[in-house]
Amino acid sequence: MKVLLSWMREFAPDIDGDPVALGETLSALGLAVEEMSIVGEGLDGVVLAKVLELSPHPDADKIQLVQVDAGDGEPLQVCCGAFNMAVGDLVPFATIGTVMPNGMEIAQRKMRGQMSNGMCCSAIEIGMGEDADGIMILTEQADESQLGQPIADVLGVEQDVLYDLEVNANRPDAMSVAGVARDLAAALGVPFAFPDRTVERSGEDAASQAQIEIIDPVLCGRFVARILHNVIVGESPQWIQNRLIALGMRPINSVVDISNYVMLELGQPNHVFDLDTIPNGHLRVRRATEGETMVTLDGAERTLISLDGVIANGSDEAISLAGVMGGHDTEVTDSTTSVLLEMAWWDPPSISRTIKRHNLPSEASTRFRRGADWGENIDRAMDRFCELIAQTGATIAPGQIDVPGTTPQQGHSTARVSKMNSLLGTDMTAEEMVGHLSSIGFTTTAAGDDLTVTVPSWRWDALGGNAHEFESSIAEEIGRLYGYEDIPKTVPRGEETGHLTDYQKNRRAVREALLGMGCDETLPMPFLGPEDLSLVGLPDDGVRLTNPLDANESVLRTSLLPGQLKAIAYNQSHRNPSVRFFETGQVFLPPREGELLPDEREYLAVALEGAEAPEAVSVLNTLARVLALPNVKLFNVDDLPGMHPGRAAEVVIAGKARGVVGEVAPSVLRSFEVSGRVAWLQLDLGEILRGPHGKRNYRPVSKFPSSDMDLAFVVADDVGADKVRNTIAKSAGELLVDLRLVDAYRGAGLPEDSRSLAFALRLQAADRTLTDAEITATRDAVIAAVAKTNNGTLRA
């Protein structure tokens with residue numbers, strides 16, 4: 001954002017001092033000065049000249065000889081590499097001895113044998129724009145009576161200080177000259193005020209000439225319109241052109257220049273419609289329909305989607321891409337005499353999406369996407385536009401059309417003086433804080449340790465999401481105005497030393513447990529190929545990247561399975577069998593209803609090559625013990641994506657589904673060129689680590705021998721292995737120290753619709769060696785319990 005010192009003084013006349021010191025003050029306010037320059041400097045010796053004759057250079061094709069009159073009536077020969085001039089044109093001419101703004105000194109010199117007695121100048125060479133392609137033509141801005149006069153006098157250029165500022169995205173108010181002036185005046189302690197703008201109005205009321213409908217109030221929080229007649233589209237005053245050029249904008253015509261001028265001055269983008277192209281002046285603000293098309297001002301036909309916002313006419317035809325670019329059919333032309341002036345507040349996320357999708361960034365859309373003012377600044381900008389265009393002869397219809405939509409909630413919140421002093425390391429009083437905040441428009445009152453603060457509509461970035469964020473935002477504003485450089489350096493004293501959160505501790509415990517079980521950690525990239533999800537049986541609804549580094553990795557993963565199978569396939573191809581991998585990483589599920597961003601979650605995956613489902617269940621049981629997970633159950637589900645029917649189950653913890661365990665389907669393995677079996681466990685680690693957790697039970701290691709036994713039970717297919725396991729654990733009592741599912745079998749020798757589940761039990765007492773009678777009694781109790789609870793029979 002560029003600002004002129006003289007322009008800021010129109011809002012705060014008492015801004016004074018060394019320009020360098022003022023620049024340092026702006027930087028201290030968070031508006032870092034990237035460059036400071038003097039506009040109009042280095043123009044001594046540059047005069048207005050007239051082109052008398054053009055002829056080719058005899059020895060150079062890319063240079064022509066130009067005869068100019070620099071005001072004394074005598075022709076001067078100049079060698080020039082630009083060919084955009086014509087005889088009779090008025091141009092800026094640098095005489096011999098002139099030192100240009102870039103430091104180059106003009107001297108008499110020969111160019112390929114021809115003498116050059118000065119230089120015809122482009123706009124960029126005299127600091128009057130960015131155009132370097134040709135000589136600056138001033139035929140419309142000057143006349144021959146001014147030949148030989150200094151170019152600064154001809155163009156009304158006065159020396160001024162120009163600051164080029166870095167404005168961060170959280171400071172939409174500073175995207176205007178007035179916004180920067182407000183901050184600078186507050187830091188200097190001088191008054192700031194908006195000049196009074198009065199405009200005479202006449203004719204038919206605006207409300208009888210136009211009608212505005214807001215169909216989508218979220219898209220458009222406020223829409224204001226005025227009607228202007230007797231508009232003359234011509235050249236804008238030179239002083240407006242000079243300021244636009246200084247701030248990096250190219251003058252176009254009086255209407256467009258005034259529109260840009262008001263936007264730069266007050267930060268309020270606006271758009272002007274040719275009123276005669278809008279039947280009955282009827283406008284409708286809505287979302288686009290899928291596939292709808294319109295032609296924008298740049299002549300390009302745009303295909304829209306339902307997330308784009310448009311302004312349509314009464315026939316519901318899109319005539320403007322809301323907040324981004326106007327339409328070709330309603331463009332102001334040289335024949336335009338009546339216009340509808342629109343100023344609105346557009347939803348920043350909606351504008352941001354449209355800008356990115358259509359690749360249409362602009363000064364106006366940047367202000368909308370950061371968050372313009374929906375309050376009094378719109379009315380102020382309306383008055384300023386009307387004041388300037390009235391000076392060209394336009395008339396303004398009485399009244400204005402003002403239609404509300406949905407804007408951010410603007411209320412008052414409380415911030416603690418003690419908390420903000422703690423954040424800043426200061427000892428300011430409540431009165432000092434009130435003074436700082438009031439100087440930038442925050443309505444503030446103090447009562448004891450509490451400040452009641454109302455954030456102005458032009459600073460909605462400071463509203464904050466909760467009490468802590470709000471206090472941090474307000475502390476930042478106070479710190480800027482107090483001066484961070486004036487805050488004494490202190491070493492903050494923490495209330496407690498750093499430590500890991502329970503979440504972090506549990507995540508580390510999971511990693512250590514898996515490493516202890518012989519697993520190796522892998523870190524695949526989170527990007528998948530377009531077909532990877534469908535290959536594992538998952539919906540092809542992953543978030544697609546618009547600018548992937550590799551087209552074969554353009555989808556954000558919704559599961560860790562594809563990445564782990566690729567890792568196993570790679571190891572098999574390099575003759576490294578029987579790998580045991582685990583990974584903790586982010587997956588990106590489709591956005592939840594009403595949200596824009598993907599549902600990002602932390603998952604855990606364990607892939608055991610050459611292993612069967614029971615081994616994955618064993619890993620799950622170990623993790624359940626490590627994390628003290630409550631009420632872990634497995635439910636057989638035949639249609640789990642990517643999993644082997646009959647060899648997979650849904651993992652339910654504390655009544656909520658948290659993952660899957662079992663074996664990967666053979667068809668999926670073949671798709672990834674993996675041979676053999678792969679046992680698989682995938683859990684929503686983030687949700688599991690957030691709880692709930694049970695109590696971790698610790699028991700001393702027994703010094704007495706243990707006794708192992710294997711029991712296989714025939715149960716119905718619909719009886720889950722975890723149900724049988726729970727029955728065994730409960731009936732075996734305290735003597736049971738380890739229990740593992742070692743095999744699940746269907747096939748010959750078993751009744752139809754049944755299966756065999758084989759468990760390995762380990763019995764051990766803490767204070768004695770178990771007798772045969774105790775072991776037999778426990779075995780009988782387990783067999784009886786499974787028969788009663790699960791209708792299972794011991795397999796011979």
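**Exercise 1. Find the strand that holds Gln-682, and decide whether this residue is buried or exposed.**

Solution. Start with the location: in this predicted model, Gln-682 is part of strand β34, which covers residues 678-683.

Next comes accessibility. Buried means under 20% relative accessible area. Gln-682 has 10% relative accessibility, so this residue counts as buried.

**Exercise 2. Which partners does the side chain of Gln-682 reach through polar contacts, and which residues surround it?**

Solution. Take the side-chain partner first: the side chain of Gln-682 makes a polar contact with the side chain of Ser-559 at 3.2 Å.

Then look at the backbone. The side chain of Gln-682 also reaches the backbone nitrogen of Leu-560, at 3.1 Å.

Finally, widen the view to contacts in general, leaving aside neighbours within four places in sequence. Gln-682 touches Ser-559, Leu-560 and Leu-561, then Tyr-603, Leu-604 and Ala-605, and also Arg-658, Gly-659 and Val-660.

**Exercise 3. Describe the salt bridge between Glu-387 and Arg-197, and say where each partner sits.**

Solution. A useful idea to begin with: side chains of opposite charge can pair when their charged atoms come close.

Now apply it. The side chains of Glu-387 and Arg-197 meet in a salt bridge, with 3.2 Å from N to O. This pair links distant parts of the chain, 190 residues apart: Glu-387 lies in helix α9 (residues 376-390), and Arg-197 lies in the loop between α4 (177-188) and β11 (211-214).

For accessibility, the 20% cut-off is again the one to use. Glu-387 has a relative accessible area of 17%, so it is buried. Arg-197 has 21% relative accessibility and therefore counts as partly exposed.

**Exercise 4. Do the same for Arg-287 and Asp-216.**

Solution. First, the distance: the closest N and O atoms of the Arg-287 and Asp-216 salt bridge are 2.8 Å apart.

Second, the positions. Arg-287 belongs to strand β14 (residues 282-287), while Asp-216 is in the loop between β11 and β12 (220-229); the pair links distant parts of the chain, 71 residues apart.

Third, accessibility. With a relative accessible area of 22%, Arg-287 is partly exposed, whereas Asp-216, at 17%, is buried.

**Exercise 5. Which residues are joined into one network by salt bridges that share partners?**

Solution. Begin with one pair: Arg-171 forms a salt bridge with Asp-173, and their closest N and O atoms are 2.8 Å apart. Both Arg-171 and Asp-173 are buried.

Then follow the shared partners. The network joins Arg-171, Asp-173, Asp-183, Arg-459, Glu-477 and Arg-480. For the whole structure, the search finds 44 salt bridges.

**Exercise 6. Describe how domain 2 meets domain 3.**

Solution. Locate the two parts first: domain 2 spans 46-155 and domain 3 spans 206-404. Their C-alpha centres lie 39 Å apart. The contact takes 6 residues from domain 2 and 5 residues from domain 3.

Next, consider the area. About 500 Å² is buried between domain 2 and domain 3, and carbon and sulfur atoms give 47% of it. On the domain 2 side, Met-128, Gln-141 and Leu-155 supply 68% of the area buried against domain 3, more than any other three residues.

Last, check the pairings. The interface of domain 2 and domain 3 has 0 salt bridges, and 1 residue pair is in polar contact between these domains. The domain 2 residues that touch domain 3 divide into 2 nonpolar, 3 polar and 1 charged.

Terms used: Residues numbered from 1 in each chain as written. Predicted model: local features only at pLDDT ≥ 70, side-chain atom pairs only at ≥ 80, totals over all residues. Heavy atoms only, no water. Domains from an automatic or database assignment. Contact = heavy atoms within 4.5 Å. Buried area = accessible area lost by both parts, 1.4 Å probe. Salt bridge = Lys/Arg side-chain N within 4 Å of Asp/Glu carboxyl O. Polar contact = N/O pair within 3.5 Å; in protein donor to acceptor, adjacent residues only side chain to side chain. Nonpolar A, V, L, I, M, F, W, Y, C, P; charged D, E, K, R; others polar. Helix = DSSP H or I, 4+ residues; strand = E, 2+ residues; numbered from the N terminus. Buried < 20%, exposed > 50% of the residue type's maximum accessible area, 1.4 Å probe, protein only.
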